[in-house]
Amino acid sequence: GAATVAGDYTVFAGTSIDDSGAQVITGDAAFYTHDDSSQITLDHPGNSFGGSFNTVGGIGYLVYDTSLDGIVLIGRTLEGNVIVTAAGPVTQSGALIVGGFTSITATGQNVTLANASNDFQAAVQIAGANVEIVDTNGIDLGASTVTGTYEVTAGGAVTNSGTQEITGVTTITAGSSNNITLDHATNNFAAAVEIASGKDVEITDEDAIILGASTVSGTYDITAGGAVTNSGTLEISGITTIAAGDNNITLNSAANNFAAAVKIASGNDVAITDENTIDLGDSIVSGTYAIIATAGNITDSGTLAITGTSAFTTNTNGADIKLDTTTNRFTGAVTVNTVGAGGDAEIHGGSTPLGIIASGEVGTLKLTTTGADITDSGALVVLGATTIDAGGADVTLDHGSSNLQGAVGASGR
């Protein structure tokens with residue numbers, strides 16, 4: 001029945017415990033049942049637990065707390081579910097080891113379940129403001145609505161079985177050996193998504209996504225229904241694949257470092273900066289394509305199918321641009337810009353006509369197509385030799401401001 005207690009409150013029962021009236025407890029509350037298979041259900045909408053909340057025995061518990069002071073969950077090992085609805089912050093004292101699912105509803109309040117020994121063995125779903133969750137093993141993130149920041153730390157893989165609706169910055173820490181898979185189709189990360197550590201990482205956002213500072217030891221797959229941008233450095237060891245549909249992709253942080261190929265599965269205007277060398281994998285770009293390698297070469301390991309204009313820039317003396325995949329398709333003009341006499345440029349346009357611009361200064365220039373015309377769409381400034389092979393098609397280099405300082409060899413019609 002109803003109870004109002006100014007101090008601590010302890011209840012013993014042989015089997016299940018439930019409430020038919022409001023439990024208004026100022027001090028700590030503890031509920032003991034001797035039946036390990038029983039359920040503790042304290043869900044009266046008038047309940048208020050001002051101190052810590054503890055259960056002993058039973059398979060799981062459900063609790064409703066209207067206290068604005070919040071609720072402190074005492075550490076337990078439970079085979080069943082933990083379901084908490086609170087009007088104040090939710091915290092813990094001691095590790096929670098939960099065999100069933102965990103549901104915390106504290107709308108507008110912080111949820112902090114940060115004990116290093118927590119082990120949530122089924123889905124964890126949260127509704128709260130700033131949310132922090134730690135799991136000593138892997139963690140499955142159930143449907144969650146977070147109006148503040150969202151911090152998840154795990155000693156194993158991080159997955160999602162429900163939609164993640166996150167308003168603030170999301171930070172995931174899984175260690176360099178564990179995968180992070182947040183691929184629910186209706187995920188919506190309104191602020192940056194930071195991967196503090198993870199192996200193979202896959203993230204889906206139904207809208208635009210901002211990629212925060214991330215360190216990924218494996219592959220990095222991003223799928224978005226809107227623009228893809230970055231607000232922090234991306235340190236990616238494996239292949240990066242971005243799918244953004246008809247939306248823009250802008251990964252232009254100066255310290256980005258993509259150690260393996262960068263693939264654009266789909267995107268409109270695409271701009272990518274790498275502080276070192278960058279390798280361009282299979283890419284389909286419906287707009288413009290701008291690539292900058294600050295301290296290394298630009299190469300391709302897959303077909304580049306670019307509808308708009310392309311611009312490739314190296315910023316280090318002697319760094320090269322070598323895009324020699326024979327199936328490349330550059331529909332718009334291609335601009336190459338290297339630095340110094342050792343900064344060579346080589347472009348293969350495949351079977352599509354190739355329009356070229358060599359701005360600034362290029363060491364040597366090699367242009368090839370398989371039977372498609374080669375023209376200059378702007379001035380060619382080449383310090384060394386220029387070699388052109390159009391495979392029997394026309395070669396037309398007639399721009400009045402071109403300056404070809406080395407030998408010119410052309411094969412075409």
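Here is a short conversation about how some features of this predicted model get their labels.

User: Happy to look at this with you! Why is aspartate 376 called buried?

Analyst: Good place to begin. Its relative accessibility is 10%, and buried means under 20%, so aspartate 376 counts as buried.

User: What makes the links from the side chain of aspartate 376 to the backbone nitrogens of aspartate 398 and histidine 399 polar contacts?

Analyst: The distances do a good part of the work. The backbone nitrogen of aspartate 398 lies 2.9 Å from a polar atom of that side chain, and for the backbone nitrogen of histidine 399 the value is 2.7 Å. The limit for a pair of N or O atoms is 3.5 Å, so the two pairs qualify on distance.

User: Which residues is aspartate 376 in contact with, leaving aside its neighbours within four places in sequence?

Analyst: They are Ile356, Thr396, Leu397, Asp398, His399 and Ser402.

User: How do you know that S49, the strand holding aspartate 376, pairs with other strands?

Analyst: Pairing takes at least two bridges. S47 and S49 have five, in the parallel sense, with alanine 358 opposite leucine 380. S49 also runs parallel to S51, joined by two bridges; there, isoleucine 374 has valine 395 as its bridge partner. S52 is joined to S49 by two parallel bridges as well, with valine 381 opposite asparagine 403. Each of these counts reaches the threshold, so S47, S51 and S52 are pairing partners of S49.

User: What makes strand S27 mostly covered?

Analyst: Four of its five residues are buried, and buried here means under 20% relative accessible area. That is the reason for the description of residues 201–205.

User: And how do you know that S27 pairs with S24 and S30?

Analyst: By the bridge count again. S24 and S27 share three bridges in the parallel sense, and isoleucine 180 stands opposite valine 201. S27 and S30 also run parallel, with five bridges; aspartate 205 has alanine 224 as its partner. With two bridges as the minimum, both pairings stand.

User: Which residues have the most contacts inside the largest nonpolar core?

Analyst: Val158, Val228, Phe312, Val336 and Ile347, in a core of 96 residues. Strand S47 supplies the largest share of this core, four residues. As general background, nonpolar side chains tend to be buried together in soluble globular proteins.

User: What is isoleucine 347 in contact with, beyond its neighbours within four places in sequence?

Analyst: Its contacts include Ile321, Leu323, Phe330, Val336, Leu354 and Ile356, along with Lys366 and Thr368.

Note on methods
Residues are numbered from 1 along each chain as its sequence is written. This is a predicted model: local features need pLDDT of at least 70, side-chain atom pairs count only at pLDDT 80 or more; totals for chains, interfaces and linings use all residues. Side-chain values use heavy atoms; hydrogens and water are left out. Buried means under 20% relative accessible area, exposed over 50%, partly exposed in between (1.4 Å probe, protein chains only). A polar contact is a pair of N or O atoms within 3.5 Å; within protein, one must be able to donate a hydrogen and the other to accept it, and residues adjacent in sequence count only if both atoms are side-chain atoms. Contact means heavy atoms within 4.5 Å. A nonpolar core is a set of buried Ala, Val, Leu, Ile, Met, Phe, Trp, Tyr and Cys residues joined through side-chain atoms within 4.5 Å.
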